[in-house]
Structure formats: C-alpha cells, structure tokens
Amino acid sequence: MSGKEYPRVSTHKTRQVLTDTFACVRCGLTVTGAAPGGGRRNHCPSCLHSLHVFDRAEGGPSECGSRMAPISIAVLRSGDWMIIHRCTRCGELTSNPISGDDNQLILMRMAVRPLAQPPFPLETFGDL
C-alpha cells in the first residue's frame, strides 16, 4: 500500500450501472448499459445505433432525442477504434469507443467502405 487515498466508489451507483438497460431505438434489442471490460455503453452492440441524448456543442443533455446512425470508423493514434455516429434529425456528429461485443461484421463493413466504394472511378489508376 502506498498510503494514497483513493475516492470510494458508491456500491449503489455501481449496481445501477451494471443493471441499467435500454432498448435499441432501431432494432429493439434490450441492451445492458455496462460494456465488456467495465466501461459504459451508449450504443446497441447488434446494429450499433445510438440515441442523441448528449449535445457535444453545448456540453449537456440534448433536446433532439433522435436516432444516431453509425456512419464510419475512426482509429485513434493509440489504435483504439471509435464509431462515428450522425444524428438522423439534426446531423450532429459524435464519436464513441467500440465495445468488445459489438457486431464485428458491421464494424468491418464500415471500415472498408472507403476502399470498396471510392469517390472516383477505379479505372483512373490504369492511366497513371
């Protein structure tokens, strides 16, 4: 023991996070709020959709409340993957870390989409 004082975690709050569930706004799956590894989940592991409940620009709760659709993957310098969501109503973009039990097929499909569907004809490479 180093003698450092660490803040105590309320067991009531911990139990609430572990038992907190929500229904997916797209597929209806009942999802637990606790992600594998102890983190907090804010999206459906099956379809990766989320709900617009936090306003990044204002830094507080969002009044929008619409569905957030997964549109892309971003990879941080640390190698961690983030899901990029876009609100279907107001267009706000957010990023959220992936969870260990997220649908791997959908994650890979979003990751390779820029290579599979480039914004230019692939035939142009033959002219180089």
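User: If a salt bridge is a side-chain nitrogen of Lys or Arg within 4 Å of a carboxyl oxygen of Asp or Glu, how many salt bridges does the count come to?

Analyst: The count comes to 3 salt bridges. This is a predicted model, where local features need pLDDT of at least 70 and side-chain atom pairs count only at pLDDT 80 or more, while totals for chains, interfaces and linings use all residues. Residues are numbered from 1 along each chain as its sequence is written, and side-chain values use heavy atoms, leaving out hydrogens and water.

User: Ok, what does R41 pair with at 2.9 Å?

Analyst: R41 forms that salt bridge with D101, 2.9 Å being the distance between the closest N and O atoms. Because R41 sits in the loop between β2 and β3, and D101 in the loop between β8 and α2 (104–116), the pair ties together parts of the chain that are 60 residues apart in sequence.

User: And which residue does R41 reach at 3.7 Å?

Analyst: That one is D102, again taking the closest N and O atoms. D102 lies in the loop between β8 and α2, 61 residues from R41, so this pair also links distant parts of the chain. R41, D101 and D102 are therefore linked in a network of salt bridges.

User: Are R41 and D101 buried or exposed?

Analyst: R41 has 3% relative accessibility and counts as buried (under 20% relative accessible area, with exposed over 50% and partly exposed in between, using a 1.4 Å probe and protein chains only). D101, at 38%, counts as partly exposed, whereas D102 is buried, as R41 is.

User: What about R40, which partner does that one have?

Analyst: The side chain of R40 meets that of D20 in a salt bridge, at 2.7 Å from N to O. D20 is in the loop between α1 (11–19) and β1, and R40 is in the loop between β2 (30–32) and β3, so the two tie together parts that are 20 residues apart in sequence. D20 counts as partly exposed because its relative accessibility is 30%.

User: Changing topic, how many helices and strands are there?

Analyst: The protein has 2 helices and 8 strands, taken as DSSP runs numbered from the N terminus (helices H or I, at least four residues; strands E, at least two). Along the sequence, the pattern reads α-β-β-β-β-β-β-β-β-α.

User: What share of the protein is buried?

Analyst: Of its 128 residues, 27% count as buried. As for contacts (heavy atoms within 4.5 Å), among those with a separation of 6 or more, 32% are between residues 24 or more positions apart.
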